[in-house]
Amino acid sequence: FLEERVQHDPVLKQQLLVCIENSKTDEKWRTAAANAITILVRAGVQFKYADLQGIRIPGADLSYGMFYSAQLQRADLRQVNLRNVLLHRADLSGAQMGGAQFGELPFLTEDTGVWWCAYSPDGKSFATGLENGKVCVYDTATWERINSFRDHDKRISGVLFSPNSRHLNIWNSTLIGHGNYVNSVVHSPRGDFVASASEDKTVRLWNAETGKCHQTLTGHTRGVICVEFSPKGNQIASGSDDKTVRLWDVETWECIQILSRHDDSVRSVVYSPQGYVETGICRCVLTGHNGTVTSVTYSPRGDLIASASVDTTVRLWDVES
């Protein structure tokens, strides 16, 4: 609750920052400061280049926090949870760090191949769709499995959270209008359109209210496996068995770029939260999976990338490093 208030209440945010600042000179503030910085980190507040010299926050939970180039000299960080904290170039000289907890990024292992993964829009949940028809939901604060269910034995083709993060849409079916199986379905950012990718080599745009087909995008030479809207909804990306990603302009419905660096089928496409592809230049290749990568997604903050594979693992990648 407090994390949500911080995001919308600048006065509360400032009060919590004052608690942290007071701990530099008065030890009595250390418990309040530890609670304050825990709340701020969970609310997504970043401490890049922050002057935190001498703060006293023993026992605070800074997991997944952003402390790039932070000044933490002589800070009391005893028993602090530093798992998955970005501390690149941070100055920790003279800091007390007895009992501080470090750890690797979460590594999820499933029973069978993972064919889809997705974060909820609020960032609090993460879902995986498995080859055996099972769906698993995790709490991203602890990465503990909080729910799992299976209604059938068929492979999960897609998992999609509703805009309010309360419901999951799961599919492995065909929309009337396509000439073959539907591999992927996604909502537009405003929720007025649904885009579907099909084995019939097309992407179709559907009116979310009427269910009528609004536009059909053609150009792929083999089945289209995945589709995604850009965050602003002005661009669509589609990936195909033809080893390409095509980018489509939503105003003209024309293909504006073809990305063709992949050596095999493109099974998942995703934009970063700030994303809009301009140059189409490949900036980085992530390696480590021992099998086909079936799904990729960004965390809502854009600081992590999750990739799912038929090697039964989900890997989380730090965007900065």
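Two strands count as a pair if DSSP finds at least two bridges between them; the strands themselves (E, at least two residues) and the helices (H or I, at least four) are DSSP runs, numbered from the N terminus. The views below show a predicted model, in which local features need pLDDT of at least 70 and side-chain atom pairs count only at pLDDT 80 or more, while totals for chains, interfaces and linings use all residues. Residues are numbered from 1 along each chain as its sequence is written, and side-chain values use heavy atoms, with hydrogens and water left out.

**View A. Four strands make an open antiparallel sheet in the order β8-β9-β10-β11.** Look to the edges for β8 (182–187) and β11, each of which pairs on one side only. Within the sheet, β10 (residues 202–207) is mostly covered, with five of its six residues buried (under 20% relative accessible area with a 1.4 Å probe, protein chains only).

**View B. Strands β9 and β10 meet in a hairpin.** β9 (residues 193–198) runs antiparallel to β10, and five bridges join the two. One place to follow the pairing is Phe193, whose bridge partner in β10 is Asn207. Three residues lie between the strands of this hairpin, where Lys201 takes a positive phi near 80 degrees.

**View C. On to the hairpin of β10 and β11.** Here, too, the strands run antiparallel: five bridges join β10 to β11 (residues 213–218). Thr202 stands opposite Thr218 in β11, and Leu205 faces Gln215 of that strand. The hairpin has five residues between its strands, and Gly211 takes a positive phi near 80 degrees.

**View D. The largest nonpolar core brings together 31 residues.** Such a core is a set of buried Ala, Val, Leu, Ile, Met, Phe, Trp, Tyr and Cys residues joined through side-chain atoms within 4.5 Å. Good residues to find in this view are Ile37, Phe47, Ile57, Leu62 and Phe67, which touch the most other members. Helices α2 (10–22) and α3 (30–42) each supply at least two residues of the core, and α3 gives the most, with seven.

**View E. The largest pocket holds about 2,100 Å³ of space.** On a 1 Å grid over the protein atoms alone, a pocket is an open set of points with protein on both sides within 12 Å along at least five of seven lines, whereas a cavity is a set where a 1.4 Å probe fits but cannot get out; lining residues have an atom within 4 Å of a point. Among the 46 lining residues, His262, Cys282, Cys284, Val285 and Leu286 are closest to the pocket's centre. Two or more residues of the lining come from each of β14 (245–249), β16 (293–298), β17 (304–309) and β18 (313–318), and β16 gives the most, with three.

**View F. One cavity of 30 Å³ or more is found in the structure.** The largest cavity has a volume of about 110 Å³, where a volume is the space filled by probe spheres set on grid points that are joined across faces, edges and corners. Eleven residues line this cavity, and those closest to its centre are Tyr64, Gly65, Met66, Leu86 and Asp303.

Technical notes. Buried means under 20% relative accessible area, exposed over 50%, partly exposed in between (1.4 Å probe, protein chains only).
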